[in-house]
Amino acid sequence: MGKNSKAYFVGSISAIGGFLFGYDTGVMSSILEMDYWKNYFHHPGSVGVGVITSLLTAGCFVGSLGAGWLADRFSRKRTIMVACIIFCLGAAIQCGSRNRAMLICGRFIAGLGVGCLSMTVPVFQSEIAPAHIRGRLVSLQQWAITWGLLVAYWIDYGCHFIKSDASWRIPIGIQIVPALILFVSMIFMPYSPRWLVDNDRVDEAHKVLANLRAGGDKNNDEVVEELEEIKEAVRIDRETAVRSYMELLRFPIRRRVILGVVIQILQQLTGINVVMYYASTIFRQSGLSGNNASLLAQGINGVVNMLATIPAILWIDRWGRRKTLMFGSLGCGVTYFIQAVATGATQNKTVDENGDVDLNMPDGPSYLVIVMMYLFVISFAMSWGPIGWIYPSEIFPMRIRSKANSITTASNWLFNFIIGLVAPILIKKITWGLDLIFAIIMFAAIGIIYVFFPETKNRNLEDMEVIFTGSVWAYKDKKRIAEYDNTRQHHIDEKVSV
């Protein structure tokens, strides 16, 4: 880590916001299969389960839209702190739920906090990170999500042995603890230097940059150069300032907004949250009998997800965004296709008196489907997981970064909500057909990334104007960008020689 240790530390602390989303997703995934939870809420059907699950993401959609204004007006740091308070309120209501309405209300309120965090944390991380580790630092958000999922799965697995309603109330209540830790920790974290410059607090920004980059040395050449780049970028942004969200649809910002929205939508159309929300159900359908077996398989799924994210954290700034996404899409598509073929060819679908579906698959195909699910999670964790958050956080100029990211993040939550609402119905109705749909989407994503998405690795945030002012056909624009790089390197060499 070396001289960037402070940037890593600040980025890691803020990534706890991702842990909260991961935990809430994981905790509900397993609770849905707990007998005491089902009995308490009178065995909700697939529509009821979809509503309970997806209301969190509905809150996330609203929260992410509002976070753009909050982050610009009150700072990234304070917005994260406010989101923690909102999340704690929602978690407390869920923990004390007496009926479905109270549970749904709590999930919506918690979603407001998670949505706010999901927009603000990647922006905050990208703005405190030097260019050469920005991808790694922002990917900590996704790694924290996987840790949240992992911890939730195993807490659920332990609590399901409790023979009372505490079996589901305790896991829900525990998530208040990391939210409080994040709130208290952010008190001691710095403001974003780019936000400080944008609010004419240049001296504070200089101090923050010096602490993050050079151990407090304000005269360090890299610190002085980065501060000047930020000041110049802010000056240019003010000349073309975005006054309303409608202006995000105008040239030249429109292209970046579309790409940011598309990459967030595609992240959800990988089907990852179908796996994370309903993995226990899918494992049970595939032949793992009993709650113990399906919850244990879910716990292993969490371990796989967490470990597979580590290579992306270490090497995402070396691999690049485009190649990683294309290979990840290929892996996801292939695993989905194999699952669809194995399930469709061997299933003998039955429905019990409670409406639960059993596919009655032979042991071989059943185990193949489970292995493919784990391989899918690996493919996602090494690609779409982190880059879905990295790319939108780094492509927008300072003056519109919060507004634009609120739109891209909201699109993620909108599709998360839709998928969470319909997935339990489709899992029961078309089973393997859902795998085939996701496989087709993933194969199509390879072409979309190749044709339209420019490479952004190792670029300063202030460099993005050049990257995105060329042809919309990204694969045709490599020559122009290479010429820009050569010209810039020539200028740097001239300065060094002088």
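**Entry 1: helix H17.** The expected span of a helix is 1.5 Å times one less than its number of residues. I applied this rule to H17 of the structure, which is a predicted model. Helix H17 covers residues 363-381, 19 residues in total, and should therefore span 27 Å. I looked up the C-alpha atoms at its ends and found them 27 Å apart, in agreement with the expected value.

I then listed the buried residues of H17. They are Pro 365, Ser 366, Val 369, Ile 370, Met 372, Met 373, Tyr 374, Phe 376, Val 377, Ser 379, Phe 380 and Ala 381.

**Entry 2: nonpolar core.** I next looked up the largest nonpolar core, which has 125 residues. Phe 376, listed above as a buried residue of H17, is among the residues with the most contacts inside this core. The others are Trp 37, Leu 182, Met 186, Val 274, Tyr 278 and Trp 384. Helix H6, residues 100-128, supplies the largest share of the core, with 10 residues.

Which residues does Met 186 touch, not counting those up to four places away in sequence? I found Ile 13, Ser 14, Lys 77, Ile 80, Met 81 and Phe 124.

**Entry 3: cysteines.** I searched the whole structure for disulfides and found zero. For Cys 84, the nearest cysteine sulfur belongs to Cys 88 and lies 6.8 Å away; a disulfide would need the two sulfur atoms within 2.5 Å. Cys 84 has a relative accessible area of 1% and is therefore buried.

For Cys 95, also in no disulfide, the nearest cysteine sulfur is that of Cys 159, at 11 Å. I recorded Cys 95 as partly exposed because its relative accessibility is 24%.

Key: Residues are numbered from 1 along each chain as its sequence is written. This is a predicted model: local features need pLDDT of at least 70, side-chain atom pairs count only at pLDDT 80 or more; totals for chains, interfaces and linings use all residues. Side-chain values use heavy atoms; hydrogens and water are left out. A nonpolar core is a set of buried Ala, Val, Leu, Ile, Met, Phe, Trp, Tyr and Cys residues joined through side-chain atoms within 4.5 Å. Buried means under 20% relative accessible area, exposed over 50%, partly exposed in between (1.4 Å probe, protein chains only). Helices (H or I, at least four residues) and strands (E, at least two) are DSSP runs, numbered from the N terminus. Contact means heavy atoms within 4.5 Å.
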